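Got your viewer ready? Let's walk through this model one selection at a time.

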Amino acid sequence: VHQGSLHLNGIALNEDFIAEPPTYSSKPIIVPRGHVYVLGDNRNNSFDSHIWGPLPVKNIVGRYVTRGRRPSGNHPYEGGRRT
């Protein structure tokens with residue numbers, strides 16, 4: 001995260017789903033094999049990888065049940081499948 005944007009491999013990502021741009025910056029990080037870097041959509045108030053670092057995949061204990069998109073999205077989802 002640099003200057004209010006998340007960067008992946010040096011390229012700023014367009015994240016139109018976050019509550020507001022991050023007000024913090026973080027150092028570049030290499031996510032080790034077998035880990036994920038998770039960030040909440042409310043970046044400035046999320047207790048996530050920007051605070052505690054990469055998460056080992058083996059520590060993920062759950063699954064998503066449904067996924068949704070804002071009404072303005074082009075592809076609505078329901079139950080994890082495109083409708």
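## First stop: a salt bridge

Select R43 and E15: R43 makes a salt bridge with E15, and their closest N and O atoms are 2.8 Å apart. Here a salt bridge is a side-chain nitrogen of Lys or Arg within 4 Å of a carboxyl oxygen of Asp or Glu. The pair ties together distant parts of the chain, 28 residues apart: R43 is in the loop between β3 and α1, while E15 is in the loop between β2 (11-12) and β3. The structure holds one salt bridge, so defined by the 4 Å limit.

Now colour by accessibility. R43 is buried, with a relative accessible area of 3%, and E15 is buried too, at 14%. Buried means under 20% relative accessible area, exposed over 50%, and partly exposed in between (1.4 Å probe, protein chains only).

A word on what you are looking at: this is a predicted model, in which local features need pLDDT of at least 70 and side-chain atom pairs count only at pLDDT 80 or more, while totals for chains, interfaces and linings use all residues. Residues are numbered from 1 along each chain as its sequence is written, and side-chain values use heavy atoms, with hydrogens and water left out.

## Second stop: D48

Keep R43 on screen and add D48, which lies in the loop between β3 and α1. Which side chain of opposite charge is nearest to D48? That is R43, 5.2 Å away; D48 is buried yet has no salt bridge. For charges, Lys and Arg count as positive and Asp and Glu as negative, with His and the chain ends not counted. Leaving aside neighbours within four places in sequence, D48 is in contact with V38, L39 and G40; contact means heavy atoms within 4.5 Å.

## Third stop: a nonpolar patch

From there, select V38, which is found in the loop between β3 (35-36) and α1 (49-52). V38 counts as partly exposed, at 30% relative accessibility. Add F47, I51 and W52, and you have a nonpolar surface patch of about 410 Å² that these residues make with V38. Patches are made of residues with over 30% relative accessible area and no salt bridge; like charges are joined within 9 Å, and nonpolar side chains (Val, Leu, Ile, Met, Phe, Trp, Tyr) within 5 Å. Areas come from the Shrake-Rupley method with a 1.4 Å probe, and for residues only the protein chains shown count as cover.

## Fourth stop: two positive phi angles

Most residues other than glycine have a negative phi. Go to Q3, in the segment before β1 (7-8): Q3 is not a glycine, yet has a positive phi of about 50 degrees. Q3 counts as exposed, at 68% relative accessibility. Next, pick N9 in the loop between β1 and β2, where phi is near 55 degrees, again positive in a residue other than glycine. N9 is exposed, with a relative accessible area of 75%.

## Last stop: the whole chain

Zoom out and switch to cartoon. From the N terminus on, the elements run β-β-β-α-β-β-β; helices (H or I, at least four residues) and strands (E, at least two) are DSSP runs, numbered from the N terminus. Buried residues make up 16% of the 83 residues.

Finally, colour by pLDDT, the predictor's confidence in each residue, from 0 to 100. The chain mean is 83, and 82% of residues reach 70 or more. Select residues 77-83 to finish: pLDDT stays under 50 there, and the model has 18 contacts beyond four places in sequence for them.
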